[in-house]
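Thanks for coming. I will go through one structure this morning, with the model on the screen. Please keep it open while I talk.

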Amino acid sequence: MLTIGCHLSVSKGFASMGKTALGIDANTFAFFTRNPRGGKAKAIDSADVAELRQIMEDNAFGTLVAHAPYTLNPCSDKPHAREFALNCMLDDLVRMESVPGNFYNFHPGSHVGQGAEVGIGLIVSLLNQVLSLKQSTTVLLETMAGKGTEVGRSFEELAAIIDGVELSGHLGVCLDTCHVHDAGYDVVNDLDGVLEEFDRIVGLDYLKAVHLNDSKNPLGSRKDRHERIGEGSLGLETFERIVNHPALRGLPFILETPNELPGYAQEIALLRSLERA
Ligand code: FE
Ligand code: FE
Ligand code: ZN
């Protein structure tokens, strides 16, 4: 059975997300650890978290994929912005331990003209400060479209970050299908080739989760505009190959398509129908 879900709002708490997931036939989900623009996080309510953990256990949920605020920029040229990213991630990782063993995904950031090498160095330095030996959470670097000065567009950049991190066993990669396509990786015509390249450069062991998004733009456009599944440049056949690919099929799949809940429920049903035995 596919492990699949979508982004859910944390505004009504953790258990509420679990119940919403059940209502749309999801067995994982993603959520922003705080306001996506990076405000203060709500205090953790332990009864609420315990209820979610029970729902997950009773319904054989897969690993959750939390998402850091997307405004967080670990490789900004501004020290206060880097410090904000550091403090935000430190706080998020403490909070993540209330739901142990899940994933925390973040955008490596934008080097804003400092160059990719400087950017990679700053990201490595942040990760070396936030990762700790005893954490149960795996931190995921998201593959980026390469919009502007985004770091993490190429598998080489992701590998360079992982190489620099001491506790790289606590790291993984979340492959965003819209982003890799917009970055120039041809998942439509050569999914096998893209995943072989990923394996050669990063290593498939690091691949921990997939963001399932179609794209509004052509291959290599570096745009990052998500489209509903089957309605963009990737097309439904590509998603049939993705959810059945031996390197991907066991991973949590998270939809980040332009939808409300009923649309997500339909996409989950559609993708489940594409799964081959
Ligand atoms: Fe993201
Ligand atoms: Fe994504
Ligand atoms: Zn995106």
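This is a predicted model, and I will start with the closed space inside. How many cavities of 30 Å³ or more does the structure hold? The count is 1. The largest cavity has a volume of about 70 Å³. Its lining is made up of F14, F31, T33, I44, D92, R95, M96, S98 and V99. Which element gives the largest share of that lining? Helix α3, residues 79-96, does, with 3 residues. By class, the lining of the largest cavity splits into 5 nonpolar, 2 polar and 2 charged residues.

Now the open spaces. The largest pocket comes to about 340 Å³. It is lined by 20 residues, and those closest to its centre are V10, G13, F32, T33 and K42. The class count for the lining of the largest pocket is 9 nonpolar, 6 charged and 5 polar. T33, then, appears in the lining of the largest pocket and also in that of the largest cavity.

The second largest pocket is put at about 260 Å³. Its lining consists of H7, F32, P36, H67, Y70, H107, E142, D176, H179, D224, H226 and E256. Here the division is 3 nonpolar, 5 polar and 4 charged residues. Please remember H67, H107, E142, D176 and E256 from that lining, as those names come back with the metals.

On to the metals, beginning with ligand 1. Which protein residues serve as donors to this iron ion? They are H67 and H107, each through NE2, and E142 through OE, at 2.1 to 2.3 Å from the ion. Along the sequence, the spacing of these donor residues is H-x39-H-x34-E. H107 sits in the loop between β4 (103-106) and α4 (116-130), while E142 belongs to strand β5 (residues 138-142), so this pair ties together parts of the chain 35 residues apart in sequence. Are these two buried or exposed? H107 counts as buried, at 17% relative accessibility; the cut-off for buried is under 20%. E142 is buried as well, with a relative accessible area of 1%.

The other iron ion is ligand 2. Its coordinating atoms come from E142 (OE), D176 (OD), H211 (ND1) and E256 (OE), at distances of 2.0 to 2.3 Å. In sequence, the spacing reads E-x33-D-x34-H-x44-E. E142 in strand β5 and D176 in strand β6 (residues 171-176) are 34 residues apart, and the pair links distant parts of the chain. D176 counts as buried, at 0% relative accessibility.

Why is the arrangement around ligand 2 called irregular? The 4 donor atoms around this iron ion subtend angles of 81 to 172 degrees. A tetrahedral site would need every angle between 85 and 135 degrees, so that range makes the arrangement irregular.

Last, the two sites together. Which residue bridges the two iron ions? E142 does, and the ions lie 3.3 Å apart. To recap, E142 coordinates both ions, is buried and helps line the second largest pocket.

Conventions: Residues are numbered from 1 along each chain as its sequence is written. Chains are lettered from A and ligands numbered from 1 in the order in which they are written. This is a predicted model: local features need pLDDT of at least 70, side-chain atom pairs count only at pLDDT 80 or more; totals for chains, interfaces and linings use all residues. Side-chain values use heavy atoms; hydrogens and water are left out. Donors are N, O and S atoms within 2.8 Å of the metal (3.2 Å for Na, K and Ca); water is not among the atoms, so sites may look incomplete. Helices (H or I, at least four residues) and strands (E, at least two) are DSSP runs, numbered from the N terminus. Buried means under 20% relative accessible area, exposed over 50%, partly exposed in between (1.4 Å probe, protein chains only). On a 1 Å grid over the protein atoms alone, a cavity is a set of points where a 1.4 Å probe fits but cannot get out, and a pocket is an open set with protein on both sides within 12 Å along at least five of seven lines; lining residues have an atom within 4 Å of a point. Grid points are joined across faces, edges and corners, and a volume is the space filled by probe spheres set on the points. Ala, Val, Leu, Ile, Met, Phe, Trp, Tyr, Cys and Pro count as nonpolar, Asp, Glu, Lys and Arg as charged, and the others, Gly among them, as polar. Four donors count as tetrahedral if all angles lie between 85 and 135 degrees; four count as square planar and six as octahedral if opposite donors are over 155 degrees apart and all others between 65 and 115; anything else is irregular.
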